[in-house]
Structure formats: structure tokens, C-alpha cells
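Colleague: Please pick one part of this model and look at it closely with me. Then work outwards from there, in plain words, since I'm still new to this.

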Amino acid sequence: MMRQLSSFLLLLALLHLCNKTSSQSSPSGASDFTSVLKKSGKFTTFIGLLKSTQMDEPINSQLQKSTGQGFTVFAPTDTAFSDLKTGTLNSFTDEQKIKLAQFHILPSYLAVSQFQTVSNPVRTEAGDDAVGFPLNVVSNGTQVNITTGLVNTTVDSTVYSDGQLAVYEIPDVLLSQGVLGTGAPAPAPLPPKAKKASPPTSLAPSKSTTASVDSSGAVDLNRYASIVASIVAAVLAASSL
């Protein structure tokens, strides 16, 4: 009887242990990564950005399936957003907000130790455009530095990490040329067009030419006057007869 009771108690203990292990390994804790951010209480603006751009939905869906390479999220604090120039976030178009949210998310899980060997620039959900979205992450073992070409910041702390999802707190919003929509520099202005050269002086009438014309005109007038005088004299002579 005692042996049967001992076996029963051992079975109950094993069942309890299995249930406890199952609950710890369940992805339910990370099935909604915005809940992870809410627990900290520092990321209200970032959560609003994720929800308004619907970037939280595909990530949560992927986490619930427990497939794929996971995700790494660099989460700017509310203070980071408040440090931006007033009206910056509100001035962004919907497309810019999507790119901003995507630029803070890596399509793979990276533990802190992996930042020492990761290949830069790191690919983000915004794409692998190294010009518009260059994200470089460097670690010396004690500090993780992040650069985008426009922003230099660090990882302040690990908010959450479970092998599938890693969330790191950063004190600055990651901006880049691709997020801001900064295009290529304007081309240099074209050189001014050369002015048309004035006609050579040889084409302009010279004074001597003008004088010759005037003198020829004077000769013609004198000739006509003599002819008219001859006609008048002939008429007068005829009338006297």
C-alpha cells in the first residue's frame, strides 16, 4: 500500500514538473512583443508607432509560430522621442513612419555577445540599402555602439531576451537618410552660357562708304537739275516764237 502511494506521489510530482517546464518554454511570454515593452513603461511612443504602422502584427504572428530566425528590436525610450526636434514625428508621412519603425527591427535574433561578430551594415526590416538605411552595430564586450550615419547611440540595457526575441533599450531614435527622405545632393549649377560675340567691325558700314554714297547722291541731283533747266529753256524759246 505504501509502495503504491509512493508511486502515485512520484507520478504527481513528475506531472507537476512537466507542466512547469512546459509553461517556461512556451512562447506565450513573447507572443505579443508590445506587451514586453509595456511592462517597462518607457516605450509608449514607440509602441504607438508600431501599432499605427501595423509593424507589431507580423512580428507577433511570427513569434507565435516559433519559426524563423526571430527578431531583434532596438527600442527608443519616450525621452528619446521627446529629444527630437518638435513636430518631427508628426511631420513624417505614413511611408516615413513605416520605414522608421522597420529601421529599429532586425529580422533575426541577436544576443548581446553576437554584436561583437555581426557583419555590418546590419540588415533591418527597412531593407538592405546600405546608403539609405546603414545600421552599424559594434561591441567591445562591455558596450554596444550603434551608428546610422546621422545618429550615434548605445544600447543602455536588455529589456527582454528569450532566444527568439531580443529587445534592447536605446536612448536615441535611429534616423537615416532613407527615413528622412534625403535624396542625393543637388547637381552643381551649369556654367553660364557664353554671350554671343558682337559682329566684326568690318561688317559695319565705314565712314568712307557713307561719304561715297552721299557724294554720288549729290552728283545725281546736279544732273537732274541741269536737265530740268534745259527743258524749261526750250519751252520758253518755243513760246516766244
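Modeller: Let's start with a term: two strands count as a pair if DSSP finds at least two bridges between them. Keep in mind throughout that this is a predicted model.

The part I'd pick is the hairpin of S3 and S4, with four residues between the strands. In that hairpin, look for Gly-141, which takes a positive phi near 100 degrees. S4 covers residues 144-147, and four bridges join this strand to S3 in an antiparallel arrangement. You can trace some of the partners yourself: Asn-136 is bridged to Thr-147 in S4, while Val-138 stands opposite Asn-145.

Now check which way the side chains of S3 go. In a regular strand, side chains alternate between the two faces of the sheet. In S3, Val-137 and Ser-139 make up the covered face, and Asn-136 and Val-138 the uncovered one.

Zoom out a little and the hairpin turns out to be part of an open sheet of three strands, ordered S3-S4-S5 with antiparallel pairing. S3 and S5 (152-154) are the edge strands, each pairing on one side only. From one strand to the next, the twist averages 25 degrees.

Next, go back along the chain from S3. The loop between S2 (105-106) and S3 (136-139) holds Ala-126. Is Ala-126 buried or exposed? Its relative accessibility is 8%, so Ala-126 counts as buried; the cut-off for that is under 20%. Leaving out neighbours within four places in sequence, Ala-126 touches Lys-99, Gln-102, Phe-103 and Phe-133. Ala-126 also sits 8.8 Å from Leu-106, C-alpha to C-alpha, with 20 residues separating the two in sequence.

Two of those contacts, Gln-102 and Phe-103, bring us to helix H7 (residues 94-103), where they are among the buried residues. The others buried in H7 are Gln-96, Leu-100 and Ala-101. This buried set packs against helix H3 (44-52), helix H6 (88-91), S2 and helix H8 (177-180).

S2 leads on to another open sheet, with four strands in the order S2-S1-S7-S6 and mixed pairing. Here the edge strands are S2 and S6 (157-161), each pairing on one side only. S6 and S7 (residues 165-170) run antiparallel and share four bridges, with Tyr-160 standing opposite Val-167 in S7.

What about the inside? In soluble globular proteins, nonpolar side chains tend to be buried together. The largest nonpolar core in this model has 45 residues, and Leu-37, Phe-46 and Phe-74 touch the most other members. S7 gives this core five residues, the most of any element. Phe-46 is worth clicking on: beyond four places in sequence, this residue touches Leu-37, Val-73, Phe-74, Ala-75, Pro-76, Asp-78, Phe-81 and His-104.

Finally, a word on trust. The mean pLDDT of the protein is 77, with 62% of the residues at 70 or more. Two stretches stay under 50: residues 8-29, with four contacts beyond four places in sequence, and residues 183-219, with zero such contacts. Where pLDDT is low, the predicted coordinates should not be read in detail.

Methods: Residues are numbered from 1 along each chain as its sequence is written. This is a predicted model: local features need pLDDT of at least 70, side-chain atom pairs count only at pLDDT 80 or more; totals for chains, interfaces and linings use all residues. Side-chain values use heavy atoms; hydrogens and water are left out. Helices (H or I, at least four residues) and strands (E, at least two) are DSSP runs, numbered from the N terminus. Buried means under 20% relative accessible area, exposed over 50%, partly exposed in between (1.4 Å probe, protein chains only). Contact means heavy atoms within 4.5 Å. Axes are lines fitted to C-alpha atoms, for helices over the stretch in contact, and angles run from 0 to 180 degrees between N-to-C directions. pLDDT is the predictor's confidence in each residue, from 0 to 100. A nonpolar core is a set of buried Ala, Val, Leu, Ile, Met, Phe, Trp, Tyr and Cys residues joined through side-chain atoms within 4.5 Å.
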